[in-house]
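I opened the model today to look up a few things and write them down. The entries follow in the order I made them.

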Amino acid sequence: MDWSWLQSGEFYSTLCALLWAVAVILFRKSGEFMKPVVLNLFKGTVGLILFLISMVVLGRSFFPAANSGLDWILLLISGAVGIGIADSIFFVALNRLGAGRQAIVDCLYSPFVVLCSILYLSEPLTPWLFAGMGLMGGAILVGTYAPVKKASEENRKQLIAGVLLGILAMLLMAAGIVLAKPILDRSDAWWVTTVRLAGGWGLLMVQVLARREDRQAFFKEIRPSLRWRISMPAALIGTYLALIFWILGMKYTYTTIASVLNQSSSLFILLLATFFLAEELTWRKGVAIVMGLGGGIIATF
């Protein structure tokens, strides 16, 4: 039997999507006892430590001769925006929407990457982007719609706020990765990822240390406890393992193919949320996920 497909970029990208979906479920549970900014710093700390260790084990240079000071600055900014800010907003939206609805909003990531690439990298504008984003907009409306009988005015406002925050998080994530993409194309992916994590971690550390309440909460969570049963696997899977397979997927297949396969995490999240978070799987969510994934694929044409 031919097992070579286990070393293909397509397999790595799909595995990345599955791992990220598992991490999102665990992040949702972690959000029940950790503030978004504290959770973001916790998972960033775990991820950064593991990537620094991996750099040493793999013999990667921390200061590549081929990379300039400007590369460092851009990657640190990329991490601060795409990880430090975006992930905290993502966790706020996740708490408000639940994993299932957040998975629908997440489908905007691919179109936003294309849009940011057009604006920042001067890539050609295609009608497929507008078609894909239009389909995405429809998916969000269908998937997050709450009938009047089932939603109070307060819940409806929370839902709208969650959707808007989720959209902002996806836009910032896309902007962060597009800012780093030219450097990623000509640099060691392990180094790029580590520096981006450092940029996000640095911003979050300043933010958390500035507030006594957040500072105390972080130092409480960073100490081993029973809560690590949820928060540590979430950080390990979402900020280390998923990123490793993201790197391998990007390396061994085309970027467009990898991004579409990564987007399949939305389907995995929806299914896992139904089984492990007892979130209701409605026909609206199912239709929205199909529309969202379809829009993501169309936008990359």
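**Entry 1: Glu221**

I started with Glu221, which sits in helix α8, residues 212-222. The model is a predicted one, and I read every value below with that in mind.

Is Glu221 buried or exposed? I found a relative accessible area of 4% for Glu221. Glu221 counts as buried because that value is under the 20% cut-off.

I then checked what the side chain of Glu221 pairs with, and found a polar contact with the side chain of Arg227 at 2.6 Å. Setting aside residues within four places in sequence, I listed the contacts of Glu221 as Phe33, Met34, Val38, Phe42, Arg227 and Trp228. Arg227 thus appears in that contact list as well as in the polar contact.

**Entry 2: overall make-up**

I went to the secondary structure next and counted twelve helices and zero strands. Read from the N terminus, each element in the run is α.

The protein has 301 residues, and 50% of them count as buried. I also looked at contacts with a sequence separation of 6 or more: 85% of these join residues 24 or more positions apart.

**Entry 3: the nonpolar core**

How many residues are in the largest nonpolar core? I noted 70, with Phe90 and Ala99 having the most contacts inside the core.

I followed up Ala99. Without counting residues up to four places away in sequence, Ala99 touches Val24, Ile25, Arg28, Leu94, Ile269, Ala273, Leu277 and Glu279. Arg28 and Glu279 are on that list along with nonpolar residues such as Val24 and Ile25.

As background, I wrote down that nonpolar side chains tend to be buried together in soluble globular proteins.

**Entry 4: the cavity**

I searched the whole structure for cavities of 30 Å³ or more and got one. The space in the largest cavity comes to about 710 Å³.

Which elements give two or more residues to the lining of the largest cavity? I have α1 (9-30), α3 (69-106), α4 (109-121), α6 (153-185), α7 (189-209), α9 (228-252), α10 (255-262) and α11 (265-276).

The lining is made up of 30 residues, and Trp20, Tyr109, Met173, Leu243 and Trp246 lie nearest the cavity centre. By class I recorded 16 nonpolar, ten polar and four charged residues in the lining.

**Entry 5: two loop residues**

I looked at Pro124, in the loop between α4 and α5 (127-144). Its relative accessibility is 67%, so Pro124 counts as exposed. From Pro124 to Val114 I read a C-alpha to C-alpha distance of 9.5 Å, with the two residues ten apart in sequence.

Ala278 is in another loop, the one between α11 and α12 (283-299). I noted its phi near 60°, which is a positive value in a residue other than glycine. Ala278 has 68% relative accessibility, so I put Ala278 down as exposed.

**Entry 6: Ala288**

My last entry is on Ala288, in helix α12. Is Ala288 buried or exposed? The relative accessible area is 0%, so Ala288 is buried.

I also checked Ala288 against Leu135, which is 153 residues away along the chain. Their C-alpha atoms are separated by 9.3 Å.

Methods. Residues are numbered from 1 along each chain as its sequence is written. This is a predicted model: local features need pLDDT of at least 70, side-chain atom pairs count only at pLDDT 80 or more; totals for chains, interfaces and linings use all residues. Side-chain values use heavy atoms; hydrogens and water are left out. A nonpolar core is a set of buried Ala, Val, Leu, Ile, Met, Phe, Trp, Tyr and Cys residues joined through side-chain atoms within 4.5 Å. Buried means under 20% relative accessible area, exposed over 50%, partly exposed in between (1.4 Å probe, protein chains only). Contact means heavy atoms within 4.5 Å. Helices (H or I, at least four residues) and strands (E, at least two) are DSSP runs, numbered from the N terminus. A polar contact is a pair of N or O atoms within 3.5 Å; within protein, one must be able to donate a hydrogen and the other to accept it, and residues adjacent in sequence count only if both atoms are side-chain atoms. On a 1 Å grid over the protein atoms alone, a cavity is a set of points where a 1.4 Å probe fits but cannot get out, and a pocket is an open set with protein on both sides within 12 Å along at least five of seven lines; lining residues have an atom within 4 Å of a point. Grid points are joined across faces, edges and corners, and a volume is the space filled by probe spheres set on the points.
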